[in-house]
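Hi everyone, thanks for coming. I'd like to walk you through a structure that is new to most of you, so please have a look at it while I talk.

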Amino acid sequence: MKLRVLYSARLRERFGVAEEAMDFSGATAADLVVHLQSRGDVWAEELAAGRAFRVAVNQNLVALDARLPEHAEVAIFPPVTGG
């Protein structure tokens, strides 16, 4: 399936990319995270278990077990707080 993956804030800075188009064969957001972790280095570090980040699919926050539809826009970003 084809995805558009967006990275924000700290993740954009660490990965050195704001977005990418991707051909992806997994089914869920968790599968995508595992795929990105397999790139190693900062990818594995920032997306490791216990690190704080959120995933949105087509602008809706989702759990990692959410299924990814074809041509989805997937955003991965650190949690934000207001004040």
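Let me begin with one term: when I say contact, I mean heavy atoms within 4.5 Å. With that in hand, take the contacts in this chain between residues at least 6 apart in sequence: 50% of them join residues at least 24 apart. Please keep in mind that this is a predicted model.

Now the overall picture. The chain has three helices and five strands. If you read along the sequence, you meet them in the pattern β-α-β-α-α-β-β-β. The C-alpha trace spans about 35 × 30 × 20 Å along its principal axes. How does the radius of gyration fit a compact globule? For 83 residues, such a globule would come out near 12 Å, and the chain has 12 Å, so the two agree. Of the 83 residues, 39% are buried. The chain exposes about 4800 Å², and carbon and sulfur atoms supply 51% of that area.

Let's turn to the sheet. In what order do the five strands sit? The order is β2-β1-β5-β3-β4, in an open sheet with mixed pairing. At the edges are β2 and β4, each of which pairs on one side only. On average, neighbouring strands of this sheet are turned by 30° against each other, ignoring direction.

Strand β5, residues 72–77, is a good place to stop for a moment. On one side, β5 pairs with β1 in the parallel sense, over five bridges. Within that pairing, Leu3 has Ala72 as its bridge partner, and Arg4 stands opposite Glu73. Strand β5 also pairs with β3, residues 54–57, this time in the antiparallel sense and over four bridges. Here Arg54 stands opposite Phe77, while Ala56 has Ala75 as its bridge partner.

So, how many residues of β5 are buried? Six of its six, which leaves the strand mostly covered. Looking at the side chains, Ala72, Val74 and Ile76 point one way, Glu73, Ala75 and Phe77 point the other way, and all are buried.

Moving on from β3, we come to β4, residues 60–62. These two strands pair in the antiparallel sense over three bridges, and Val55 has Val62 as its bridge partner in β4. Together β3 and β4 make a hairpin with two residues between them. In the turn, have a look at Asn58, which has a positive phi of about 50°.

Next, a helix. Helix α2 covers residues 29–37, and in it Ala29, Leu32, Val33 and Leu36 are buried. Why do these residues line one face? Seen down the axis of α2, the buried residues fall within an arc of 100°, so they share one face of the helix. There is a general reason behind such spacing: an α-helix has 3.6 residues a turn, so residues three or four places apart point the same way.

And what covers those buried residues? The cover includes β1 (2–7), β2 (19–23), α3 (41–46), β3 and β5. The helix itself lies across β1, β2, β3 and β5, and runs at about 105° to β2.

I'd like to pick out one residue of α2, namely Leu36. Is Leu36 buried or exposed? Its relative accessibility is 0%, so Leu36 counts as buried. Leaving aside residues up to four places away in sequence, Leu36 touches Tyr7, Glu20, Met22, Trp43, Leu47 and Ile76. Of these, Ile76 is one of the β5 residues we met a minute ago. For a sense of distance, the C-alpha atoms of Leu36 and Arg12, which are 24 residues apart along the chain, are separated by 13 Å.

My last stop is Thr28, in the loop between β2 and α2. The cut-off for buried is under 20% relative accessible area. Thr28 has 14% relative accessibility, so it counts as buried. Which residues does Thr28 touch, not counting those up to four places away in sequence? They are Leu64, Asp65, Ala66, Arg67 and Leu68.

To recap, we have an open sheet of five strands, a mostly covered strand β5, and helix α2 lying across β1, β2, β3 and β5. Thanks for listening, and I'm happy to go back to any part of it.

Methods
Residues are numbered from 1 along each chain as its sequence is written. This is a predicted model: local features need pLDDT of at least 70, side-chain atom pairs count only at pLDDT 80 or more; totals for chains, interfaces and linings use all residues. Side-chain values use heavy atoms; hydrogens and water are left out. Two strands pair if DSSP finds at least two bridges between them. Buried means under 20% relative accessible area, exposed over 50%, partly exposed in between (1.4 Å probe, protein chains only). The arc is that of the directions from the helix axis to the C-beta atoms. The radius of gyration is taken over C-alpha atoms; the globule rule is 2.2 Å times the number of residues to the power 0.38. Accessible areas come from the Shrake-Rupley method with a 1.4 Å probe; for residues, only the protein chains shown count as cover. Axes are lines fitted to C-alpha atoms, for helices over the stretch in contact, and angles run from 0 to 180 degrees between N-to-C directions.
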